[in-house]
Every structure is written in structure tokens, then in C-alpha cells.
Amino acid sequence: MQHSSTDTSQDRAMNSFKLLKLIVLFLVTLVIMKFFSSSNKGRVKINSKIMDTDTNIFWWNNYTPDPDNWDAPKEPPKAGKNLVKKIIKKEPEPNPEEPHNLDSPVEPKEAKKKPVIENVKKEPEPIIEEEIEIIEVPVKPSTGPLRLVHLDLKGAAPKVSYLKQIFPLFSSLGAHGILIEYEDMFPYEGELEILKSPFAYSVEDIEEIKTLANLNKLELIPLMQVFGHLEFVLKHEKYAHLREVPKYPNSLNALAPDSLPLLKHMLKQILKRHPEARFFHIGADEVYELGESEDSKRWLEKNNGDVGALYLSHVSNVCHLVTEMRPGMKMIFWDDMIRKISVPTLQNSDVPKLAFPMIWNYNPQIDMQSLAKLLEKYRDAGFLGVWFASSFKGTSGVDQRWTPLKHHLDNHLSWLKVMDSMDKYPSLTFQGIAITGWQRYEHFTRLCELLPVAIPSLAVCLQTLKYGSFNEEAVKAVHHILGCNINLDPNICEGSGSFVGAEIYHKVRKIHTELQSSIDSMMTDHFLRGSLSNYLRKYNFANPRNLRQFKTKLRKLQDDWESMLETFRKEMEAIFYPDTVEEWMEDNVNEQMTKLRSMVQDTERIYDLDGRKKNLNA
């Protein structure tokens, strides 16, 4: 009996131990299952990326931060960052507490709504791909105010091969986007084909420009003039009847029956090529002679002579054209035409709900009091936000050849003061600033500074905006990126320079500072002044003994310039189209070189005559 009792106790202990092992094994299994369940919960693989539906995040396996991006994460995104947006195919519920930063102005009620992008912050739900569309949202350079580089293509439009090199530079300097003013460089098709330049970009070029912008995290914003500055359209006989004043090709007669259909056709083609665009700039500045056409006069007679209301009526019509084709599009327009329009007139228009004014001022010293009054006015009129516009070139002289660095630096220092004051206008969201680079004052005027010549100025302006002043840090950044040192006093970037187009920069400077002066210096020679007058050259009359004193020196001067200009022309042709090269050389080089060549030719011809008598039959 004693043996049997012992066996029973041992059996019971072993059974208890086995049961304990089973319980532990069961608990461990539960923990493992829970771990794998939670780690895979709500995730779906999309184009080699994994979307976590609990946190709405794309996880990049090879994420590298952008050091020049204000808002780029410094490490792979973590839970709760909300870096991805879903397209929800339903009407969004209004959220009065949501901030207005970069939100669209209120659309017309009749506009058809497209799928709305919104941040999904509610509790996670199971993903069913048939019910929800997941898209890859392009990485935005900034969620705050944008810094745009303006490309004015109505003159000296760069080849796409140069844009391929210059877009990375824009990005590294701190730009978030490109405001691209196509004018006649857009590849208009069909009956609009006559609008495009012989050297206009092709459709393939536009696609490459978009790809380049996307690769460099630059948001593209198209600009198309719709009222003033339509010279590139109204110069054609086919559209001359749409001028506000028959003699001048500047401004459109907005009330002519064919005007809005023409604009709609143009807008449709540009919008078709830019389905990714969030903003569209409609220009609408400097509408000279507005109100002088017979159509306008009749309209004004019925509307108390209010030219401002006439202007707003057309801008409103254009905005509606755009939103009909692209619901949700945010419009921008230059503000100069509304500066003198009364607040009640602005309030009676729907323009404040449809578009953002872009306040432009290119002066080194901005009148802060006057600008504050404009901001107050636009706030009171009901605008939801404003853009600013500074300049890095093309605003200091209609024929400016060499960009004045300090002029443009001071302009940006002034704008920084304005930006610091924006807290006074909480209902008026600061959308961003366009750093304009005008290439012509208008379609019919000569070229301003070439883009490569103004790169140091652009670098100074962008870095000043980035750092809040042109401080030591900004100076070092410009030197690091451009490979040359900014010197404001002699107005140069000293050093060889490593930026694309540096060769043109240095040769334009040489032409600007030395071509005319070298010829003028030669003209101070005692023997040349005495032996090469216009009269003596006309009759081939000079003493070869006197001519030999400067003949060799004069020939060397020509040869040196010819050699340099031959290289310069090749460098220009690599960046610009033939019409630009011809125009720039004609306006900046040919007159001086023609004079120099003629002097050399006459000197050598008369020298070979060996001092013969005056040839009155010459």
C-alpha cells in the first residue's frame, strides 16, 4: 500500500507538470500570434511600398532626407506623421476649424466636384481595394509658403537640356517650385498653332520639363496671360479684331464675342498638359487702355462707368472657365489692376473667393505703409490669401545686361519685413513668393539679362529668404553651391564658378565691361586719331609710317575678340535657340565688332597703298 501511494503522488506531480507546460506553451503561442497579427494589421503592398492603414504612412525603404527642404523629414517617417493622403470618392464634410493654409478659395456652387484629397485621421478601418483608391501623392517641397522661381519664356527661353541642369540648382538653392510663363513657347495645336514660336517647346519637351520638376521636387505652376500682355496673340491678323484698341496689341477686348472662346481654347490646351497642377496663374496685369473699345464704353454706360467692375467681370469669367475644366484649381493673378478698385466693388465680385492676388513690388526699398494698406484692403475685400512677387532679374532696366546684385538683395530684405508683418492679418494666408526673372518688359521689347548671368542674383535672393537675411550662413551656402564668392560692391561672383552657365556669366561680364572700353581705349592712340578719321578713310589717304604705329595692336585686338566671341557663340548655342543668340549678339556685340573690323580693314588697306595721293574717286 505504501508503494502504491508513492506511485500515485509521482503520477499526479508529473501530470501537473505536463499541464503547466501546456499552459505555458499555449500562452507563448498566443503572444506570438498577437505579435504577427498586429505587425501585419492593415498593411497593403503598393508598388514596392507598404502602406500602414493605421497611421496612413508610406514607409520608404531607401529614404534619404533633403537638407535644403524646409519641411522634409530627417529620417524615415514614423507613426502619426500623416504623410500620405487618400482619395475618398465622396463629398467632404465642411470643417470650420481646419486651417486655410494653401486651401483653395471657395468654388462656385455650380462647379462639379472632383475627388477631394483629405487627411484621414479617424480610427483605422479594414482596407478593401475595390472600395478605396490608394494613390502615391508626390512629395511636396513644402507644406507652408512656397518659394517659386519664375521663368519668363517670352524671350531667351532655355533649351530643355539646360533646364535639366538648372532645376537641381534651383532645388538646392531652396526653391519649392517653378512659375512657368510659357507665352509663345507652348506647343499650341490646331487653329492655335500660329501662336507658337518657331522654336516653341514640343509636347515631349513639356513632358520632360514636368518630369524634371518632379524629380527635383519642384511644383510646376503654369502662367497664361488672359487680359493684358496678350501681344503674342493679338499681333496676329487672325486675332487683331479682339484688341481693346485697334492700334495696340497689348490688351484684349474682353467683351468681344470671340474673346472668351479663344481663351477657353488656350486654357484647355495648357491644362491638358498640366493635370498635376494645383495652381494656375492667369496674369491679368497691366491691362492698358481698358475701357476704350466701343464694347467697353457701352458696358460702362450701363454700369456707372466702373472700369474696376469691368476688369473684375472678365477675371471672374476666366476663373469660372478654369474651374469648369478643372474643379478645385486655385487661381493666382497679378494685383496691380485691383489696387485702386474700392473694397465694396471687390466685395460685389466673386473674384476674392476664386483667386489669390499676387502683390508685386520690385523696388529695393518697399513702401511698408502703402503695402500694409494693400494687405488691409485685400483682407477687407474677402480674399482668403495672398502671394508676393519679388525679382532676381529683369526689373532694373529695360535693356539691362548685367544683373545688379544689391538691388535685388535689398528687394528681398524688404519683402522679409512684409512677411514678418503677416501675423497682423490672420484671415489672409500668406501662400508664398514668386521670385520673378523677367526676360522682356513685354513681347515687343528687347531682352533683359540672360538667365545664366542672373544665377548669382537668384542664389542670393533664395538664400536670403531661406535664412531670413544674407548672413554669414547664407554667404557660405551660396559659395558652396555656386563655387564663387558674392561681392556686392563690384557686383560680381568672384571665382571661376561651378554652376551651369558659368562660362556665359564670365564672358557676358567681359563683353559688358571690356568690349566697348577696349575699342574706346584704342581710339585714344595719338597716331590712330590723327590718321584714321572718317574723311581720310573715305579717300584712302594716310601715311603708312603713322599707320604702322597701331596696325598690329589693332589687329590683335580684333583677333582676341573674334576668338573669344566664337567660343561664346558656341556656349550660347548650347543653351539657347538660334533666334536668341542672333538677337543678343546683334544688340550687345555686333555694333562694336563691326566698328572694330572696319577700322582694321581700312587700316590694312590704306597701309598697302604706300602713301599714294588722295583718291577723290573712292
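**Exercise 1. Take stock of the chain.** How many helices and strands does the chain have?

*Solution.* Start with the count: the chain has 19 helices and 17 strands. Helices here are DSSP runs of H or I with at least four residues, strands are runs of E with at least two, and both are numbered from the N terminus. Keep in mind that this is a predicted model, where local features need pLDDT of at least 70 and side-chain atom pairs count only at pLDDT 80 or more, while totals for chains, interfaces and linings use all residues. Residues are numbered from 1 along each chain as its sequence is written, and side-chain values use heavy atoms, with hydrogens and water left out.

Next, burial: of the 618 residues in the chain, 50% are buried. Buried means under 20% relative accessible area, exposed means over 50%, and partly exposed is in between (1.4 Å probe, protein chains only).

Last, contacts, meaning heavy atoms within 4.5 Å. Among contacts with a separation of 6 or more, 77% are between residues 24 or more positions apart.

**Exercise 2. Describe how α2 packs on α12.** At what angle do these two helices pack, and which residues meet?

*Solution.* Two packed helices are described by the angle between their axes and the distance between the axes. Axes are lines fitted to C-alpha atoms, for helices over the stretch in contact, and angles run from 0 to 180 degrees between N-to-C directions.

Step one: α2 (residues 160–172) and α12 (residues 455–467) pack at about 30°, and their axes are 10 Å apart. That makes α2 roughly parallel to α12. For the naming, angles under 35 degrees count as roughly parallel, over 145 as roughly antiparallel, 65 to 115 as roughly perpendicular and the rest as oblique.

Step two: the α2 and α12 crossing is right-handed. A crossing is right-handed if the near helix is turned clockwise from the far one by less than a right angle, and left-handed if anticlockwise.

Step three: on the α2 side you'll find Tyr162, Ile166, Leu169, Phe170 and Ser172, which meet Ile455, Leu458, Leu462 and Gln463 of α12. Sorted by class, this α2 and α12 contact has 7 nonpolar, 2 polar and no charged residues. Ala, Val, Leu, Ile, Met, Phe, Trp, Tyr, Cys and Pro count as nonpolar, Asp, Glu, Lys and Arg as charged, and the others, Gly among them, as polar.

**Exercise 3. Do the matching job for α5 and α7.** What is the angle here, and which handedness does the crossing have?

*Solution.* Helix α5 (residues 259–273) packs on helix α7 (residues 307–325) at about 40°, with the axes 10 Å apart. That makes α5 oblique to α7. The crossing of α5 and α7 is right-handed. From α5, the contact uses Leu260, Leu263, Lys264, Leu267, Lys268 and Leu271, and from α7 it uses His314, Asn317, Val318, Leu321, Val322 and Met325. By class, that α5 and α7 contact comes to 8 nonpolar, 2 polar and 2 charged residues.

**Exercise 4. Now try α14 and α18.** Are these helices roughly parallel or roughly antiparallel?

*Solution.* Helix α14 (residues 502–522) and helix α18 (residues 551–575) pack at about 155°, with axes 11 Å apart. α14 and α18 are therefore roughly antiparallel to each other. Their crossing is left-handed. The residues that meet include Ile504, Ile511 and Leu515 in α14 and Leu557, Trp561 and Phe568 in α18. By class, the α14 and α18 contact has 13 nonpolar, 2 polar and 6 charged residues.

**Exercise 5. Follow Ser414 to its partners.** Is Ser414 buried or exposed?

*Solution.* Find Ser414 in helix α11 (residues 405–420). Ser414 counts as buried because its relative accessibility is 4%. A polar atom of the Ser414 side chain lies 2.9 Å from the backbone oxygen of Pro364. Beyond its neighbours within four places in sequence, Ser414 is in contact with Pro364, Gln365, Ile366 and Met368.

Hop to Met368, which lies in helix α10 (residues 368–381). Met368 is partly exposed, at 31% relative accessibility. Not counting residues up to four places away in sequence, Met368 touches Ser414, Lys417 and Val418. Met368 and Lys417 are 49 residues apart along the chain, and their C-alpha atoms are separated by 8.3 Å.

Notes
A polar contact is a pair of N or O atoms within 3.5 Å; within protein, one must be able to donate a hydrogen and the other to accept it, and residues adjacent in sequence count only if both atoms are side-chain atoms.
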